[in-house]
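Please open the structure in your viewer and keep the sequence beside it, so that each selection can be followed in both.

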Amino acid sequence: MSKIENPALQRFPQQEAQIKELMKREKDFACICRDYAEIVYQISETERSTGQSVGALADLIELRSDLERDILDRLA
């Protein structure tokens with residue numbers, strides 16, 4: 001990521017060092033974290049937008065939860 005901190009680090013602050021290390025070492029984990037950042041951004045944008053359907057927001061929130069589980073599985 002650039003200077004902006006990945007939301008995974010904000011979501012799991014106790015595992016910050018482990019997340020950063022895994023992001024450097026494992027390409028798949030870094031992709032999960034990038035996907036997570038994109039979903040968090042999309043949810044934020046969808047919440048601000050009045051033209052988005054409730055279903056679209058629910059789908060994004062479910063995807064975010066799936067990615068959070070993936071991150072936690074890799075940290076275990």
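What span should the 22 residues of α3 have at 1.5 Å a residue, and how far apart are its end C-alpha atoms? Select α3, a helix (helices are DSSP runs of H or I with at least four residues, strands runs of E with at least two, numbered from the N terminus): the helix should span 32 Å, and its end C-alpha atoms are 32 Å apart, which agrees. The expected span is 1.5 Å times one less than the number of residues.

Before going on, note that this is a predicted model, in which local features need pLDDT of at least 70 and side-chain atom pairs count only at pLDDT 80 or more, while totals for chains, interfaces and linings use all residues. Residues are numbered from 1 along each chain as its sequence is written, and side-chain values use heavy atoms, with hydrogens and water left out.

Colour the model by pLDDT (the predictor's confidence in each residue, from 0 to 100): the mean for the protein is 87, and 91% of its residues reach 70 or more. Among the elements, α2 has the highest mean, 95, and α4 the lowest, 88.

Return to α3 and select its buried residues, which are F29, A30, I32, C33, Y36, A37, I39, I43 and T46; buried means under 20% relative accessible area, exposed over 50% and partly exposed in between, with a 1.4 Å probe and protein chains only. Their cover includes α1, α2 and α4.

Next, show the largest nonpolar core (buried Ala, Val, Leu, Ile, Met, Phe, Trp, Tyr and Cys residues joined through side-chain atoms within 4.5 Å), which has 15 residues, with I19, F29, C33, I71 and L75 making the most contacts inside it. Two or more residues come from each of α1 (7-11), α2 (16-25), α3 (27-48) and α4 (54-75), and α3 gives the most, with six.

Centre the view on F29, which touches I19, L22, M23, I71, R74 and L75, leaving aside residues up to four places away in sequence; contact means heavy atoms within 4.5 Å. Then pick L72 in helix α4, which lies 43 residues from F29 in sequence and 11 Å from F29 in space, C-alpha to C-alpha. L72 is partly exposed, with a relative accessible area of 39%.

Finally, select C31 and C33. Why do these two not form a disulfide (a pair of cysteine sulfur atoms within 2.5 Å)? The sulfur of C31 is 9.4 Å from that of C33, its closest cysteine sulfur, which is too far for a bond. C31 is partly exposed at 28%, whereas C33 is buried at 0%. A search of the whole structure finds zero disulfides.

Terms used:
Disulfide = S-S within 2.5 Å.
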